[in-house]
Number of protein chains: 2
Amino acid sequence: MEILFLGTSSGVPTKTRNVSAVAVQAGQSKSWFLVDCGEATQHQLQYCKLSLKNLRAIAITHVHGDHCYGLPGLLASAGVAGRTESLVIIAPQGIKPWLETTMEMTQMYLPYSLEFIATEELAEQQFDDVKVTITPLSHRVPSFAYSFTQSSSQKVLKSEALKLAGLPQGPLWGRLQSGVDVEFDNQTFLSSDYVESLQHSNKVVICGDNDNPSLLKSMCDGADVLVHESTYTEDMADKASNVGHSYAKQVAQFAEEVTVPHLILTHFSARYQSNQEGEGSVEQMRVEAEQVFNGRLFLARDFDHFRLNQQHKLTLLNEGKSREH
Amino acid sequence: MEILFLGTSSGVPTKTRNVSAVAVQAGQSKSWFLVDCGEATQHQLQYCKLSLKNLRAIAITHVHGDHCYGLPGLLASAGVAGRTESLVIIAPQGIKPWLETTMEMTQMYLPYSLEFIATEELAEQQFDDVKVTITPLSHRVPSFAYSFTQSSSQKVLKSEALKLAGLPQGPLWGRLQSGVDVEFDNQTFLSSDYVESLQHSNKVVICGDNDNPSLLKSMCDGADVLVHESTYTEDMADKASNVGHSYAKQVAQFAEEVTVPHLILTHFSARYQSNQEGEGSVEQMRVEAEQVFNGRLFLARDFDHFRLNQQHKLTLLNEGKSREH
């Protein structure tokens, strides 16, 4: 699975961070999911290899503008780009009538259909080999986390057992692996005896705005990666009380408690403009999170591109270099 | 007056051209007008000196998404930036209910009020020394052009007459200019005899999508600058018939007919991506427009910044260098 950050700023865009959007690409196929779609998400996509034709579904975490104002423009541009396949939009109930009003007002006629699924009514949804589930969070408006679990199985030959049984390595091994029983040296080798099915499963949890990480306890069971907002540092959160957001240490403490191996913080307040150390720097988040979290910690930057492999290892593919102006 | 292009692409953004938006700054004050507000106009403003606190009014030419999807985000960010002064929005009737629905759905509470004026009902509107008028255009939906006329008067001494009359240059000249009659050498000099009021007027016309430039004939009377869409070149317009847009030669012919001294073409189809010469280049527009237009012609680029002085001269202040990525 791959995770590509398209916007990592809270509330308003800055020169280096756009408002919220994360792409999740699952499996070998080029299809991908978009979680949230702040204004200018389509502009960010111009700098990525993801195609709007291969977008499988859009999942919106909550109805605040910095998480959804990019939807109408992105849908229109997908039409201009020649998309014809139906597109699923999983979103809190307010989004569907708003989008329909917007499309009607601006006379937007899409060459593909939209399938709306109300987040509130979603238990789990299977998209081929990817399962999507939700968990309600705590924010000023209904907000949700989405988990993406990709399962795959791999047929593996018990090669040591075959060698002991005396079947020479070669085409007969291939037939066994493909499920066919074979005869050799007056002996029958049953495929079912020599082939085992290994199950792989990767799970990524991507959250909307939330001031209570403990609500994610169940969803984080078996998760490889937790992507959670960290709007403030602890001291600033004290000053801006009751805002419905989390601070770095709070999220890190939760991640440590549920032993998620990888934590990616995002959705930073524009107060933390600098990537340098010191006051007003997002690096303050790292300092306070590392005090309590022993897994691997990342502070997301726009265009950071992560790969999670079947061995549950997360790698940052790029240098996370933001657009320069 | 100053004109700053924030978006010059038609329909969809490209890497170097955002969708439609133009800023018009009038007079010595820092206040400015925004004509159209495509998605990510607020992002473009991050690279300009214009402040959302000093925005006087927003005028929307028509309800298509590439001209208005940036409105909600820009209004929200103006609130975050601390704007408290009421903001005028002049827009076709569909915009007001859509914005209100959008604000309600996303729980956007602005710390300033919005004053809507329906374009359809606007005759002319005075904003201090700037007069705004409209003209209906021809497009697939109701579309409008806005003119901005800034008038100022300057009190000028008839210095030659004063010299002939024998009043020595000095403080007495200053008193005369300020409207006070003066005595000198037993002679009375009446201010009204020696001061004349010179009227200056600058006029800029900025158009929405339009396939019939001749509708602008009356509005272009006395205009210094005409900013008009030029979505296609002539050959492409033939192929894309009945789209409601103009091509370069068509607009240039009109501008020549009404003898507008400065024509700025904008709103180029994404087909014309290149700024180099040759096929698929926006420079094709220049070639065909120059064949028929003898005034000064410009092809707008994002962040092109023009100044129109009281002597009716238009200067491109920047090198028009687009953002590089």
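A pocket, as the word is used here, is an open set of grid points with protein on both sides within 12 Å along at least five of seven lines, and its lining residues have an atom within 4 Å of a point. With that in mind, a good place to begin in this predicted model is the largest pocket, whose volume is about 1100 Å³. Its lining is made up of 39 residues, and those nearest the centre are S10(A), G11(A), V12(A), A76(B) and V80(B). Three elements each supply two or more residues to this lining: α2 of chain A, and α1 (41-45) and α3 (71-80) of chain B. The greatest share comes from α3(B), which provides 5 residues.

Helix α2 of chain A spans residues 65-68 and holds D66(A), a residue that deserves a closer look. An unreviewed UniProt entry annotates D66(A) as "active site". The relative accessibility of D66(A) is 13%, and since buried means under 20%, this residue counts as buried. Leaving aside residues up to four places away in sequence, the contacts of D66(A) are S10(A), G11(A), V19(A), S20(A), G38(A) and H267(A). Two of these neighbours, S10(A) and G11(A), also appear among the residues nearest the centre of the largest pocket. With G11(A) there is a specific link, as the backbone nitrogen of G11(A) lies 2.9 Å from the side chain of D66(A).

Turning to how the two chains are arranged, a turn of 180 degrees with a shift of 0.0 Å along the axis lays chain A on chain B, with an RMSD of 0.1 Å. The copies are therefore related as by a two-fold rotation axis. Within chain A, A40(A) has the C-alpha nearest this axis, at 2.8 Å. Both copies use the same surface, for 100% of the contact residues of chain A recur in chain B.

A further element to visit is helix α9 of chain A, covering residues 248-257. Of its 10 residues, 7 are buried, so the helix is largely enclosed by the rest of the structure. The buried residues are A248(A), K249(A), Q250(A), V251(A), A252(A), F254(A) and A255(A). What surrounds them can be traced easily: the buried residues of α9(A) pack against the strands β13 (225-229) and β14 (262-266) and the helices α8 (234-239) and α10 (283-290), in chain A. After α9(A) comes T259(A), which has a positive phi near 50 degrees.

Note on methods. Residues are numbered from 1 along each chain as its sequence is written. Chains are lettered from A and ligands numbered from 1 in the order in which they are written. This is a predicted model: local features need pLDDT of at least 70, side-chain atom pairs count only at pLDDT 80 or more; totals for chains, interfaces and linings use all residues. Side-chain values use heavy atoms; hydrogens and water are left out. UniProt positions are given in the numbering used here, feature names are shortened, and annotations may be inferred rather than shown by experiment. Helices (H or I, at least four residues) and strands (E, at least two) are DSSP runs, numbered from the N terminus. Buried means under 20% relative accessible area, exposed over 50%, partly exposed in between (1.4 Å probe, protein chains only). Contact means heavy atoms within 4.5 Å. A polar contact is a pair of N or O atoms within 3.5 Å; within protein, one must be able to donate a hydrogen and the other to accept it, and residues adjacent in sequence count only if both atoms are side-chain atoms. Copies are superposed by least squares on the C-alpha atoms of residues with pLDDT of at least 70 in both. On a 1 Å grid over the protein atoms alone, a cavity is a set of points where a 1.4 Å probe fits but cannot get out, and a pocket is an open set with protein on both sides within 12 Å along at least five of seven lines; lining residues have an atom within 4 Å of a point. Grid points are joined across faces, edges and corners, and a volume is the space filled by probe spheres set on the points.
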